[in-house]
Amino acid sequence: MSTVVKDTHHDEHPSGIMRWLTTTNHKDIGSLYLWFALIMFFIGGLMALVIRSELFQPGLQFVDPQFFNSMTTMHALVMIFGVVMPAFTGLANWMIPIMIGGPDMALPRMNNYSFWIMPFAFSMLLSTLFMDGGAPAGGWTLYPPLSLQTGDAFPFLIFAIHFMGLSSIMGAINIVATILNMRAPGMTLMKMPLFVWTWLITAFLLIAVMPVLAGGVTMLLTDKFFGTSFFNAAGGGDPVMFQHIFWFFGHPEVYILILPSFGVVSAIIPTFARKPLFGYSSMVYATASIAFLSFIVWAHHMFTVGMPLAGEVFFMLATMLIAVPTGVKVFNWVTTMWRGAMTFETPMLFAIGFIVMFTIGGFSGLMLAITPADFQYHDTYFVVAHFHYVLVPGSIFAIMAAVYFWLPKWTGNMYPETLGKVHFWLSTFFVNLTFFPMHFVGLAGMPRRIPDYSLQFADYNMIASFGAFGFGFAQLIFVYLIVKTIRGGEKATDEVWEGAEGLEWTLSSPPPYHSFNTPPVIK
Amino acid sequence: MGTVKKLIFVCVFMFFFSFALIPLYNIICDVTGLNGNTSNLKEKVNTFSEVVSTEKLNIQFISHEVNKNKLEFKPKEFEMTISPGKVYSTLYVATNKSNSKIVGQAIPSVSPNEAAKYLKKLECFCFEEQTFKPGEVVELPLYFAIDEKMPKRIKTITLSYSFFEAIDVSKKN
Ligand code: HEM
Ligand SMILES: [Cu+2]
C-alpha cells in the first residue's frame with residue numbers, strides 16, 4: 001500500500017490497439033473482459049438459435065444430428081466459460097479496486113495475461129467447428145467414452161479448456177491477492193461490500209476446482225493419445241470415475257457462476273430500496289457455507305449411475321441443505337425491500353427479476369435433488385429448464401443489472417432509462433416463454449441433447465423456439481444501449497443513484513484512469 | 001508475496017489431488033464394495049465354507065459383447081439357484097468368429113452393488129488375460145460362492161462380464 005507513487009503519469013498510456021494489448025490498468029482490463037463476454041454472448045446465442053430452430057418442429061429440418069450435438073456442447077462451453085465467467089471477472093476488475101479503495105489490482109501484469117489468454121483459448125475452441133469430424137459433440141460434461149470419439153477437435157478442446165482454466169486461476173489469484181492486500185486502511189473484511197465478499201469466496205472456489213477440471217481433462221487426453229486407462233474399462237479404469245472428477249469440479253463451478261450475482265444483487269437492492277442491506281453478516285456466512293457445502297454434493301448429478309443407497313441418501317440430504325443458506329439470502333433481500341422507499345429503475349428491475357426467477361430455478365433444483373424423483377427427471381428437459389432458470393434470469397440478469405447499475409459510473413453518462421426498461425420487460429417475457437415450457441416437456445419425458453422428438457412435445461417446443469428468438473433479438477437493444485451510453489447522453493452525477501453507498505460513488509463519473517492513489521478515509 | 005505463493009500451492013495441490021482421486025476412489029470402492037467392483041483376487045475357501053445355509057437365492061449371469069461379429073461371449077447357464085456358503089461352478093463360452101487372434105480380459109461387475117463384496121470367486125477366467133485363436137471356441141470356468149454373511153434381503157444377484165480387447169500399450173492392474 002505504502003509504495004503507491006504520486007500520480008505523476010496520469011492518463012499516460014499508449015493509444016490505439018497497443019493501449020489494449022499492453023494495458024495493466026484494472027479499468028481497461030475490466031472493460032476488455034466485459035466486451036469479450038458480450039461478443040461471446042452473441043456467438044453462444046447464435047448456437048442456441050440453431051438448436052431452437054431445429055427443435056421448432058419435430059423431425060430433422062436444418063442440421064444433421066452430429067452438428068446439432070456440437071451446438072449443444074459448444075453453446076454450453078461458450079456461455080459458461082466465455083460469457084458468465086469473464087463477465088464476472090470483468091466486473092471484479094472494474095469494481096473491486098474502487099470498492100475497497102485500492103489503486104489497482106495486486107498483480108497488474110498478470111491481469112493483462114489472464115485476459116489475453118481468453119481470446120486465444122476461444123479461437124482455439126471455435127476453430128474446431130471447421131475441423132474434420134466436427135466440433136466436440138459429446139456434451140459439455142465431456143463424459144468418456146463418448147467424448148473420446150471426438151475427431152481432430154479433441155486436443156483443441158482439451159487445450160482450450162486448459163487455457164480457460166489457467167486464465168480463471170490467474171484471475172482468481174489476482175482477486176484474492178487484491179482483496180487481502182490492497183484494501184484502504186480501515187476497510188476491514190466485515191466492512192467490505194458484499195460483491196467483494198462473494199468474489200473472494202468465488203475466487204477460492206476457482207482456485208480449488210479449476211485444477212481438478214484440468215486434471216480430469218488431462219486424463220482424457222492421455223487416455224485418448226497415450227494409452228492410459230484412467231476411464232477405460234478395458235484397461236482396468238472406470239468411466240464413472242470421470243463423472244466423479246468432473247462433478248467434483250462441476251458443482252462448485254455452478255456456484256462460481258452464481259455467487260458474484262448474489263453480490264451484485266446485494267449492492268443494488270439496498271440502493272433502490274433506500275435501506276441498508278438486511279443481515280449483512282448473515283449474508284457473508286451464508287455465502288461461505290454455500291461454498292463449503294458445494295464440495296459435498298457433486299453426486300446429485302449422478303443419482304442414476306448406480307450408487308449404493310447410502311450414497312444416494314447422503315447426496316440428496318446434503319444438496320437439500322444448500323437450500324437453507326440460499327433461502328437466508330432470498331429472505332434477506334426481501335426483508336431489505338420490505339417497507340423501503342423503492343423505485344424501479346432498470347438495475348432494480350433486473351435485480352428483482354433475478355430474485356423471483358432464480359428462486360424458481362432453486363425450487364426446480366430442489367425437485368431434482370429428490371433422488372427417486374431425479375430418476376425420472378434426469379437427462380430430460382426438466383434439467384434444462386432448471387439450469388437455464390438459474391443461469392439466464394439468474395447469472396445473466398445479474399450481470400445486466402450490474403451493467404445498468406455501474407454503466408453511468410464507468411462512462412459518465414446516463415443510459416436511456418425507458419429503453420432499459422423495455423429491454424428488461426422484453427427479456428423477462430421471452431426468457432419465461434423460452435424456458436417455462438421446458439419444465440412441462442421435461443416432466444413428460446422429453447430427453448435433452450436430441451435433435452428430434454415425438455409429436456406430443458411439439459406445441460411447447462414451438463413456443464420455446466419463439467421465445468428464444470424473441471430473447472435473442474431483445475438483446476440487440478442492450479448492445480445499442482451500451483454503445484449509445486458510451487457515446488454520450490445525459491451527464492451522470494458522481495453519486496449516480498440517490499443515496500447509493502460505497503466508495504465507487506465518491507469518485508467522479510467517469511472515474512479517473514488511476515483512482516485512489518492516495519487511499520480514501522474509511523468512516 | 002506470501003498470499004500468491006500459497007494460492008499457487010493450493011492450485012498445484014488440487015491438480016495432483018485430481019489424480020489422487022483415482023486410487024482414493026478405488027480404495028473406497030474396495031472397502032465398501034460400492035460400484036459393483038468385485039475383487040479380482042482368489043479367495044480362500046475355508047473362510048466361508050463352514051456353514052452351508054438352507055437359504056436359497058438366485059444368481060444370474062450376463063455378458064456384454066463389445067463386438068458381436070468378432071467375438072461371441074455368453075454364459076452357458078443364465079440363472080442358477082444357490083445357497084450361501086457353498087461352492088458352485090459355471091461356464092462362459094467364447095467363440096472367436098474373426099480370422100485373427102483376440103487377446104483381452106473380462107471385467108466383472110455385480111448388481112446390486114451391495115452384494116459385490118459377498119461374492120467370492122475361487123477361480124475365474126477374469127483373473128487373467130485370455131487369448132483366443134481364430135475360429136476357436138473356448139469354455140471359461142468360474143468357481144464361486146456367496147458369503148453367508150450377505151444380508152438376507154438380497155434374493156437375486158446379477159453377475160455381469162464385459163470382454164474387452166487388450167489395448168496394445170502395456171496394461172495396468
Ligand atoms: C437450490 C440450489 C440448487 C439445487 C438443489 C440444485 C440441484 C441440481 C440437481 C440435483 C441437478 C442434477 C439434475 C440431473 O442431472 O438429473 C442439477 C443440475 C444442474 N444445475 Fe442445479 N441446483 C441448484 C442450484 C443451481 C445453480 C445456482 C446453478 C448455476 C448457476 C445450477 C446449475 C446447474 C446446472 C448447469 C445443471 C446441469 C448440469 C448438466 O447436467 O449439464 N444449479 N442441479
Ligand atoms: Cu450440482
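## Leu189(A) and its surface patch

In this predicted model, Leu189(A) sits in the loop that links helix 5 (153-181) to helix 6 (194-225) of chain A. Leu189(A) is partly exposed, because its relative accessible area is 33%, and partly exposed covers values between 20% and 50%.

Leu189(A) also belongs to a nonpolar surface patch of about 460 Å². The other members are Leu180(A), Met190(A), Phe204(A) and Tyr285(A). Membership requires over 30% relative accessible area, so Leu189(A), at 33%, meets that cut-off.

## The iron atom of ligand 1

The iron atom of ligand 1 has a single protein donor, His386(A). The donor atom is NE2, at 2.1 Å. His386(A) lies in helix 13 (residues 381-411) of chain A.

A second metal is part of the picture. The copper ion (ligand 2) is 4.6 Å from the iron atom of ligand 1.

## The shell around ligand 1

Ligand 1 has 22 residues around it. Those that come nearest are Trp140(A), Asp374(A), His378(A), His386(A) and Arg448(A). Helix 11 (346-369) of chain A supplies six residues, the most of any contributor. Helix 7 (239-256) and helix 13 of chain A each supply at least two.

Several side chains pair with oxygen atoms of ligand 1. Asp374(A) places a polar side-chain atom 2.5 Å from an oxygen atom of the ligand. For His378(A), the distance from a side-chain N or O atom to an oxygen atom of ligand 1 is 2.7 Å. For Arg448(A), the corresponding distance is 2.9 Å.

Conventions. Residues are numbered from 1 along each chain as its sequence is written. Chains are lettered from A and ligands numbered from 1 in the order in which they are written. This is a predicted model: local features need pLDDT of at least 70, side-chain atom pairs count only at pLDDT 80 or more; totals for chains, interfaces and linings use all residues. Side-chain values use heavy atoms; hydrogens and water are left out. Patches are made of residues with over 30% relative accessible area and no salt bridge: like charges are joined within 9 Å, nonpolar side chains (Val, Leu, Ile, Met, Phe, Trp, Tyr) within 5 Å. Accessible areas come from the Shrake-Rupley method with a 1.4 Å probe; for residues, only the protein chains shown count as cover. A salt bridge is a side-chain nitrogen of Lys or Arg within 4 Å of a carboxyl oxygen of Asp or Glu. Helices (H or I, at least four residues) and strands (E, at least two) are DSSP runs, numbered from the N terminus. Buried means under 20% relative accessible area, exposed over 50%, partly exposed in between (1.4 Å probe, protein chains only). Donors are N, O and S atoms within 2.8 Å of the metal (3.2 Å for Na, K and Ca); water is not among the atoms, so sites may look incomplete. A residue is near a molecule or strand if one of its heavy atoms lies within 4 Å of it. A polar contact is a pair of N or O atoms within 3.5 Å; within protein, one must be able to donate a hydrogen and the other to accept it, and residues adjacent in sequence count only if both atoms are side-chain atoms.
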